[in-house]
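Q: Here is a structure that I'm new to. What do the words used to describe it mean, and what makes each one fit?

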Amino acid sequence: DEADKTVMNANNVMLILDKIVNGDYVIKLKAWTIAGRPDPAEIGMIGINTEIGVIEYYNGTEWQPLGL
């Protein structure tokens, strides 16, 4: 059923994230400057702002530094 699929998908996501954290997989983030940020932005977008030297995400209203 749908609940089983949701749990299975969540488990797969966690396995992938674990491999990323352990260095088995690599994610390449898009890089931009303040003027070059995606427009229109969508909630959850993540990238590296090379102008101010932070990884940032869009919260639906504004760009925020990602607290790592």
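A: Let's start with pairing: two strands pair if DSSP finds at least two bridges between them. The strands themselves (E, at least two residues) are DSSP runs, just as helices are (H or I, at least four), and both are numbered from the N terminus. Keep in mind that this is a predicted model, where local features need pLDDT of at least 70 and side-chain atom pairs count only at pLDDT 80 or more, while totals for chains, interfaces and linings use all residues. Residues are numbered from 1 along each chain as its sequence is written, and side-chain values use heavy atoms, with hydrogens and water left out.

Q: How do you know how confident the predictor is about the protein chain?
A: Look at pLDDT, the predictor's confidence in each residue, from 0 to 100. The protein chain averages 86, and 94% of the residues score at least 70. Among its elements, β1 has the highest mean, at 96, while helix α1 (residues 2-21) has the lowest, at 75. As a rule, where pLDDT is low, the predicted coordinates should not be read in detail.

Q: What makes β2 and β3 a pair?
A: Four bridges join β2 to β3, so the minimum for pairing is met. The two strands run antiparallel, and Asn 49 stands opposite Val 54 in β3. In their hairpin, four residues lie between the strands, and Gly 53 there has a positive phi near 70 degrees.

Q: What makes β1 and β2 a pair too, and in which sense?
A: They share three bridges, which again satisfies the pairing rule, so they count. Here the sense is parallel, with Ala 31 opposite Ile 48 in β2.

Q: Why are β1 and β4 called edge strands?
A: The open sheet has four strands in the order β1-β2-β3-β4, with mixed pairing. β1 and β4 each pair on one side only, and that makes them the edges.

Q: Why is Glu 56 called buried or exposed?
A: Buried means under 20% relative accessible area, exposed over 50%, and partly exposed in between (1.4 Å probe, protein chains only). Glu 56, in strand β3 (residues 54-58), has 2%, so it is buried.

Q: How do you know which side chains make a polar contact with Glu 56?
A: A polar contact is a pair of N or O atoms within 3.5 Å; within protein, one must be able to donate a hydrogen and the other to accept it, and residues adjacent in sequence count only if both atoms are side-chain atoms. Glu 56 has such a contact with the side chain of Trp 32 at 2.6 Å, another with that of Arg 37 at 3.0 Å, and another with that of Asn 49 at 3.2 Å.

Q: Is Asn 49 buried or exposed, and how do you know?
A: Its relative accessible area is 0%, so Asn 49 is buried. Asn 49 is found in strand β2, where Gly 47 and Asn 49 point to one face and are buried, while Ile 46 and Ile 48 point to the other and are not. A polar atom of the Asn 49 side chain also lies 3.0 Å from the backbone nitrogen of Glu 51.

Q: Why does Pro 65 count as buried or exposed?
A: Pro 65, in strand β4 (residues 63-65), has 53% relative accessibility, so it counts as exposed. Contact means heavy atoms within 4.5 Å, and beyond its neighbours within four places in sequence, Pro 65 is in contact with Ile 55, Glu 56 and Tyr 57.

Q: What makes the rings of Tyr 58 and Trp 63 a pair, and of which kind?
A: Rings of Phe, Tyr and Trp (its six-membered ring) pair if their centres lie within 6.5 Å; planes under 30 degrees apart count as stacked, over 60 as edge-to-face and the rest as tilted. The whole structure holds two aromatic pairs. In the pair of Tyr 58 and Trp 63, the centres are 5.2 Å apart and the planes stand at 55 degrees, so it is tilted. Both residues are buried, and ring pairs link Trp 32, Tyr 58 and Trp 63 into a cluster.

Q: What kind of peptide bond leads from Asp 39 to Pro 40?
A: That bond is cis, with omega near 10 degrees. In general, most peptide bonds are trans. Pro 40 lies in the loop between β1 (30-32) and β2 (46-49).
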